[in-house]
Amino acid sequence: MKVFCGRANPTTGSVEWLEEDEHYDYHQEIARSSYADMLHDKDRNIKYYQGIRAAVSRVKDRGQKALVLDIGTGTGLLSMMAVTAGADFCYAIEVFKPMADAAVQIVEKNGFTDKIKIINKHSTEVTIGPDGDMPCRANILITELFDTELIGEGALPSYEHAHRHLVQENCEAVPHRATVYAQVVESRRMWSWNKLFPVRIQTSRGEQVIVPPLELERCPGAPSVYDIQLNQVSPTDFSALSDVMPMFSVDFSKQVSSSAACHSRQFEPLASGRAQVVLSWWDIEMDPEGKIKCTMAPFWAHSDPEELQWRDHWMQCVYFLPQEEPVVQGSSLCLVAHHDDYCVWYSLQKTSPEKNGRVYPARPVCNCQAHLLWNRPRFGEINDQDRTDQYVQALRTVLKPASVCLCVSDGSLLSLLAHHLGAEQVFTVENSAASHRLMRKIFKANHLEDKINIIEKRPELVTSADLKGKKVSLLLGEPFFTTSLLPWHNLYFWYVRTAVDQQLGPGAVVMPQAASLHAVVVEFRDLWRIRSPCGDCEGFDVHIMDDMIKRALDFRESKEAEPHPLWEYPCRRLSKPQQILTFDFRHPVPLHPVRAEGSIELRRLGRSHGAVLWMEYHLTPDSTVSTGLLESAEDKEDCCWNPHCKQAVYFFTSLDCRAPQDSPRTVSYTVEFHPRTGDVTMDFTLSDTPEDGC
């Protein structure tokens, strides 16, 4: 059966209705899931297995039957571990039906059907009794309900309900305990992901400074955590103001509460500075003694940095304090961790809340609009002074005293640059209420509310009346649009340029004047694991899961490249960067497809995991901004990526991943831009693919 799905096209700006398979959403969920990453997480799997063996042994030593409740079973892996360890029976709960169906097949394939029952329900819907899903309460509780923040996937309410209704009092739990750790740091780089810094512009009238509105400076910021691969942040990018502190623990073997709470920790700053950011992570202990531990600690806080386990399903957390606070070395302060049932946030106080009776700060909510419009990388991009200087330099070459500028990018400061550099009249298009309100605040803070005209509508709908009858002599874009996920989605600027063609005056300049799509073949240090089949996991056959993911990846959108912030995922390039397609913004979008066929020569030996693609914007003939590779020195293997943008990764198939040791190879490609839909389709084929694969 087919269903119609509405989709806002990020490139053309139109809403499309597409015919999809009725299970389309399920397939997308599976294709983009972290199941493969979890199955490849050797440290996690071994520690869970050790903890399960120990828990089953403790129950058996008491002369009891080992009855297991496994919440969020996924593939059924942990239940199969429990039965292998001697459990008498397992009730494995999985709410996601395609995953529950796969678990049934995997359990049957491994011969555990008589000992494991898959229950396709949410755990809060499971019933106990003669006619229920379980005949009695379990005495071993096994779960893997955690995200990077520990509690963001609803672990606390699930545990709370399980202890009240599904497991025996003082049951064994795997994991037994979780502890959240935090460290206060000062970091200009990380703080730039949260606040707007003053932007400096060198003009003929001297230096002009764009200042942030006071409301933005006072805003506590976005409520959500920023989860990143903290191991890829250089130690030179932050200064530790505190030691690593255990903030709170949760004992999963006892009744758990999902009620809001706070936990304070007194500390003396290691150095004077400005407290801006709290770095946080957790570990889980699989046994009551804490001998079997799985930790998310970054390398500088890890007990054995050489044994760091790479994983993408659990990373580390960056929390921004509501305001930066000056701290003095040796002067005692209190870091407070607050949480509700799903979120954690931090505050810094002079004394603990328990002592001063202070009301606990509410969960931070953005009240300035900026954190609703700009994500963390976008804040960093706007605060990148070198990038701003590059746009200023390019603008100087195209601006004339009588220039009428139309700026088209979401929440962009380009209009302020154009004004300060001498444009006669400046219009900026903001098609959302949030961006309109934010830009009005920024203009008012800089006394430009009467100097720059905001047009609140979709940019392709701009009329002559909106421009007060003026013809545009300079059409500007970064380009940046909040709806863009893949690099080429910002080609929406080209469609806007086409739509406003009648509003452009004779000899009008478009900046950027063109864009180009580039590619390089890479070997990832670790990211390949998220798309690599597992086959056998700790002695259990999970080929069914591999096949399920492969089928999901056969769906249309899953065949496309995936967006990833590659500064977090080290890789080395096996080829030279290569320009694939060009897009000339000086002319309207063409009527016919733009197609490129060719090959990329692999110049280095290694595993060819995929091709990385990105856009470069040619502001002028002499100025180019790259959203991808930043350094292209011939002798440099390790890739340096633009940290503000996501690049597109086209993973090769599982067999296309090993370069031969005796001869160069090539990657053939076909890439096509379809003007009608704005889609960029592609196919990459690695020559001489070995039969044995990876």
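Two strands are said to pair here if DSSP finds at least two bridges between them, and strands themselves are DSSP runs of E with at least two residues, while helices are runs of H or I with at least four, both numbered from the N terminus. What you have in front of you is a predicted model, in which local features need pLDDT of at least 70 and side-chain atom pairs count only at pLDDT 80 or more, whereas totals for chains, interfaces and linings use all residues. Residues are numbered from 1 along each chain as its sequence is written, and side-chain values use heavy atoms, with hydrogens and water left out.

Let me start with the hairpin. Strand β35, residues 665-674, pairs with β36 in the antiparallel sense over eight bridges, and one of the bridge partners to look at is Met682 in β36, which sits opposite Val671. Four residues lie between the two strands, and in this hairpin Gly678 takes a positive phi near 80°. Strand β36, residues 679-686, has a covered face made of Val680, Met682, Phe684 and Leu686, and an uncovered face made of Asp679, Thr681, Asp683 and Thr685.

The hairpin belongs to an open sheet of three strands, in the order β31-β35-β36, with antiparallel pairing. Because β31 (594-602) and β36 stand at the edges with a single partner strand each, one side of each is left without a neighbour in the sheet. On average, neighbouring strands of this sheet are turned by 15° against each other, direction ignored, the angle being taken between lines fitted to C-alpha atoms.

Now to the cores, where a nonpolar core is a set of buried Ala, Val, Leu, Ile, Met, Phe, Trp, Tyr and Cys residues joined through side-chain atoms within 4.5 Å, and buried means under 20% relative accessible area, exposed over 50%, and partly exposed in between, with a 1.4 Å probe and protein chains only. The largest such core holds 111 residues, of which Leu69, Phe146, Leu335 and Tyr346 touch the most other members. Strand β15, residues 273-285, gives the most to this core, with seven residues. A second, separate core has 51 residues, including Phe427 and Tyr650.

Finally, helix α3, residues 42-61, has 20 residues and reaches 28 Å from its first C-alpha to its last, close to the 28 Å expected at 1.5 Å a residue, where the expected span is 1.5 Å times one less than the number of residues. Among the buried residues of α3 are Asp43, Arg44, Tyr48 and Ile52, and just after the helix Gly63 takes a positive phi of about 75°.

How values were computed: Axes fitted to C-alpha atoms, helices over the stretch in contact; angles between N-to-C directions.
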